[in-house]
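Good morning, and thank you for making time for this presentation. I shall speak about charged pairs, one helix and the pockets around them.

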Amino acid sequence: MEVQQFYYDNKIVKNFLYASILFGAIGMLVGLLLAVMFLFPNLTDGIPWLSYGRLRPLHTNAVIFAFVGNAIFGGIYYSLQRLLKARMYSDVLSKIHFWGWQTVIICAVITLPLGFTSSKEYAELEWPIDILIAITWVVFGINMIMTILRRRERHLYVAIWFYIATFVTVTVLHVFNSLEWPVHILKSYSVYAGVQDALVQWWYGHNAVAFILTTPFLGLMYYYLPKAANRPIYSYRLSIIHFWSLIFLYIWAGPHHLLYSALPEWAQNLGVVFSVMLIAPSWGGMINGLLTLRGAWDKVREEPVLKFFVVAITGYGMATFEGPMLSLKNVNAIAHFTDWIVAHVHVGALAWNGFMTFGMVYWLIPRMTKTTLYSKTLANFHFWIGTLGIILYTIPLYVAGFNQHLMWKDFNPDGTLKYGNFLETVTAIMPMYWMRAIGGTLYLIGLLTLVYNIYRTVRKGESIVDELAEAPALARISPKRIGAEGFHSWLERKPIQLTLLATIVILIGGIVQIVPTIVVKSNIPTISSVKPYSPLELQGRDLYIREGCVGCHSQQIRPFRSEVERYGEYSKSGEYVYDHPFLFGSRRTGPDLMRIGGKYSDNWHFNHMYDPQSTSPNSIMPAYKWMFANKQMDHSDIETKMRVMVKLGVPYTDEEIANARVHMKAQAEQIEKNLENDPDFVKSYEESKKTAALRGEEFVPMSEREITALIAYLQRLGTDIKVKTAEK
């Protein structure tokens, strides 16, 4: 049989790995800055693009899509070529993929700090960037599928199944969750509203964790762990069961993020059932990985790469045990909205994704540079300081989470809340936030150690060039062998059929959950008293989204005695029907705002936004002074926003749209009049007029500034239905 010579493309692997390391350092540095902001909330006072609410999505996007995403692509490009004994189908597509993905990341770095966001967790980027993501992702998929079709190895190894499932599922998730109606080039509204939007978002959000942070890394584990240990995978049969059960069950689990919410009960229960079932395939993968090291544990003592892989797989096992446990309603009632969830997420991100990436980088770079790692001692130092960092980061947050739950639900003998002031529950866990910042610092030091170690390794090695390889061309299979093979053996050499079957398997759960919730109207009962937001309130809501307030405040009161006592009547699905997008939130660094309307005066909100500590001593909320600046708020697109809302089903009339600015002016002037009830406001207001005159600046009335619109929105929240008055 003729042996063909060809070259593996190592340069594209190098590019993705270097990008992963660079953006990993940046993303984690931003994360550390955010952790420090909990300790010093006014650290970036007065700088809007460095505020907590705007930097938080930058951190998550940088870590998930820049650090982890680039690592996935680098690992896939290296392993895929060798598993298929073929160069990537097109160097041009590889380069388009690389530069397209880096462009997406740079767009995120620019737009998110500027406040251009959809507010949907892990999908904050606006619609033009969503389109670029889709195009770049499809380019990657075409390159991968065409390489598979041109392979010289008939059998598709298990790692490739996970790569295919990742491509198919992320495509579906991204397209359907990113359906938006544009207002302008950097503003859009989700086509879904309220509870329906929440279901679609967490169908995406949970499965972004599954099919970006899990399945591709399982594929990488199935390739790099046996290579590093020089052992075959423990059980190929287990890998088959692991793969198909995992991709089928994972897609159903999204609703467990919405337990005790206004989501229909049947959807919540489906999410719970399938989430609990997920532990079986998840632990099947973990066991398959760890048992691959049978007979090779002596190497773990010596090889830092294997150390990283072992802790990564263990972290995966811990996170995938905890996930199903958190989906149980009684456990979810404890953990949801607390820092327990932050700890859970970071066990997966820091241990599973981070350590798998570090191990892969330490294994790949010396091989591509044809040398040995510069320093195993430094790699071992990285391992131990990184592990210590994970422990110091997560354990204090688990403690903080339990502490929050206990304090939120604690009652006095007379039936009143023992900790009626939410801030008491924040100040109690500040020592845990200090420890979290220390743990993050140690983890970042470990990453910087890797940067130095890899730099020195590259310097002492050869330039990374394409690698010569040879393999016989793919021969036709014997008819006798076809008749003797089983179904899955046949499927493992049929990439198109494998892709189609994987697509069908992942679509089932989404169709069963989402379609009835959107189509069957009885799932979302309407409330006649719930009306659309006024033009000024709509502007204020967009400012709330711009500043990332949803990252710290929920708008979802669960039907618990403690929450009803603290915040007011529990949330109803009909209250959210005009919310594009939904703003349920997933964490309470501050109190829930579902019923904040009318609870405090306009002056209280005004002072609270300008100097949170003046109204709430010991608050860790940053100030938003730029919203008070002597600058007119831009209302130029309000009519366009309202017309877009009409297309999405919000019943604004033509008259309301035509008179939008008149209504805005009247509502804003009333808020300014209310503010004048405070003598301190009047005094400072008059002084600011004089200052503007001395500077020769045009004075902008308070009614025309951003803070007025935000106050209008906050005062609207929860006022559409008659509810029990919450304690002040």
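**A buried arginine and its surroundings**

I begin with Arg54, which counts as buried at 6% relative accessibility. Please bear in mind throughout that the model is predicted.

Which residue does Arg54 meet in a salt bridge? The partner is Glu547, and the N to O distance is 2.7 Å. Glu547 is also buried, with a relative accessible area of 1%. As for location, Arg54 belongs to helix H2, residues 52-84, while Glu547 sits in the loop between helix H21 (535-546) and helix H22 (561-567), so the pair ties together parts that are 493 residues apart in sequence. In general terms, side chains of opposite charge can pair when their charged atoms come close.

The model contains 26 salt bridges. Let me describe two others. In one of them, Arg541 pairs with Asp579, with 3.4 Å between the closest N and O atoms. Here too, distant parts of the chain are linked: Arg541 is in helix H21 and Asp579 in the loop between H22 and helix H23 (602-610), 38 residues apart. Arg541 and Asp579 are both buried. Shared partners also join salt bridges into one network, made up of Arg54, Arg546, Glu547 and Glu706.

The other pair is Asp91 with Arg87, whose closest N and O atoms are 2.8 Å apart. Asp91 is partly exposed, at 30% relative accessibility. Arg87 is likewise partly exposed, with a relative accessible area of 22%.

I turn now to helix H21. It has 12 residues and spans 17 Å from its first C-alpha to its last, close to the 16 Å expected at 1.5 Å a residue. How many residues of H21 are buried? The count is 12 of the 12, so the helix is largely enclosed by the rest of the structure. Charged side chains are among these buried residues, including Glu537, Arg541, Asp542 and Arg546. What do the buried residues of H21 pack against? Their neighbours are H2, strand E3 (187-190), helix H25 (638-647), helix H27 (660-675) and helix H29 (706-716). After H21 comes Gly548, which has a positive phi, near 70 degrees.

Helix H21 also brings us to the pockets. To the lining of the second largest pocket, H21 gives the most, with five residues. This pocket holds about 710 Å³ of space. Of its 28 lining residues, those nearest the centre are Phe116, Leu543, Arg546, Asp634 and Glu706. Arg546 and Glu706 have already appeared, as members of the salt-bridge network. By class, the lining comprises 12 nonpolar, five polar and 11 charged residues.

The largest pocket has about 940 Å³ of space. It is lined by 44 residues, and His553, Gly590, Pro591, His608 and Ser616 are the closest to its centre. Which helix supplies the largest share of this lining? That helix is H23, with four residues. At least two residues each come from helix H1 (11-39), H2, helix H16 (422-427), H22, H23 and H29. The lining of the largest pocket divides into 25 nonpolar, 12 polar and seven charged residues.

To close, I return to the starting point: Arg54 in H2 and Glu547 in the loop after H21 form a pair that ties together parts 493 residues apart in sequence. Thank you for your attention.

Conventions. Residues are numbered from 1 along each chain as its sequence is written. This is a predicted model: local features need pLDDT of at least 70, side-chain atom pairs count only at pLDDT 80 or more; totals for chains, interfaces and linings use all residues. Side-chain values use heavy atoms; hydrogens and water are left out. A salt bridge is a side-chain nitrogen of Lys or Arg within 4 Å of a carboxyl oxygen of Asp or Glu. Buried means under 20% relative accessible area, exposed over 50%, partly exposed in between (1.4 Å probe, protein chains only). The expected span of a helix is 1.5 Å times one less than its number of residues. Contact means heavy atoms within 4.5 Å. On a 1 Å grid over the protein atoms alone, a cavity is a set of points where a 1.4 Å probe fits but cannot get out, and a pocket is an open set with protein on both sides within 12 Å along at least five of seven lines; lining residues have an atom within 4 Å of a point. Grid points are joined across faces, edges and corners, and a volume is the space filled by probe spheres set on the points. Ala, Val, Leu, Ile, Met, Phe, Trp, Tyr, Cys and Pro count as nonpolar, Asp, Glu, Lys and Arg as charged, and the others, Gly among them, as polar.
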